[in-house]
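Dear colleague,

Please find below the sequence and structure that I am handing over to you. My findings follow directly after them.

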Amino acid sequence: MLFLQYSIAQEYSAVDNIVLKYPKNFDSTEELAKRIDKDFNSDYDKARAIYSWMALNIKYDFNAFLNPPRTQSFSYRNEAEKQRKIQDLNDNMLQKAFKSQKAVCEGFTLLYQHLAALVGIKSEIIRGDSKTRLADIGRKSTTSNHAWNTVLIDGKWRLVDVTWGQGYYDSTKGRMVKDFEPAYFDTEPDYFFAKHFPDSGSYLGRKLSKEDFLNGPLIYNKAIAGDNKIIAPESGIIEVNNGDKITFQIKNISKSKPFYYLNKRNQAVRITNGKERKGGLEFQVTFDNSIGDYITFFLDTNSIVSFKVISK
């Protein structure tokens, strides 16, 4: 599943700056893995280098997303033959992603897992639902539409979504935009699972709440990168009467920063009643007819969080 986002690229890390000097094309996945093995010592840096190279060089294949290829069927005589044929199909898909430098999430996850294995790191693929649009706030059920990786580094499983690391779909321009985003490498689980819900309904033995996922607010890249946790309200669905005041609290925002929402006329309404409290900003919004079906808060030019508004 592609990701719609309003954001600007983050700063590069020391690992990213080395990977930026790599060739755009390598003759083989083994050659790329060898280069990463040579340049980096720790598993963490190697896992990040794989993420960075893929996010910088492989594009989301929007045409394949709109027109998915027909599912390939095959026959088999036993379980071993079935698994071998699945492996062959997966190998073909990841090599196609590597050589064409285009993929949808399945190709991204298979290639990430393959490159990780080549540098001696274990990675798994998880399939599930993704929350990317305003219409996803408060929808009634989950669907399996996305895939991502977990990677085992220093005895700890980390969450990685390299598909979302490479850019986003700009609905105003009707095209994909390449925009390197490091927030989806080793993402803090609470942020990650606000936007992802695994088909299993659990992660590392911890049961995840489908209700929290479906009804929570929609958070954006900048909220993850800036650790802008939404303290209040907890629900992404705000039921109000005209004139009601709702209190919001968001971590790591100071009242000196340009912080605002857009009204129905697309005019910026600055938050002026904020109080800095408990490491964040607490403020109130009075709901009236100038606010539409959704309210999205912006810090500088970056979207932070959206809520769905329902009139009582």
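Contact here means heavy atoms within 4.5 Å. On that basis, residues 24 or more positions apart account for 66% of the contacts in the chain with a separation of 6 or more.

This is a predicted model, in which local features need pLDDT of at least 70 and side-chain atom pairs count only at pLDDT 80 or more, whereas totals for chains, interfaces and linings use all residues. Residues are numbered from 1 along each chain as its sequence is written, and side-chain values use heavy atoms, with hydrogens and water left out.

Of the 312 residues in the chain, 47% are buried (under 20% relative accessible area, 1.4 Å probe, protein chains only). The largest nonpolar core (buried Ala, Val, Leu, Ile, Met, Phe, Trp, Tyr and Cys residues joined through side-chain atoms within 4.5 Å) has 69 residues. Met54, Tyr112, Val285, Phe287 and Phe297 have the most contacts inside this core. Apart from it lies another core, of ten residues, including Trp148 and Phe213. Not counting residues up to four places away in sequence, Phe287 touches ten residues, among them Ile246, Phe248 and Val309.

The chain has ten helices (DSSP runs of H or I, at least four residues) and 20 strands (runs of E, at least two), numbered from the N terminus. Strand β14 (residues 245-251) pairs in the antiparallel sense with β18 (residues 280-286) over seven bridges, pairing requiring at least two DSSP bridges. Phe248 has Phe283 in β18 as its bridge partner.

Yours sincerely

Note on methods. Buried < 20%, exposed > 50% of the residue type's maximum accessible area, 1.4 Å probe, protein only.
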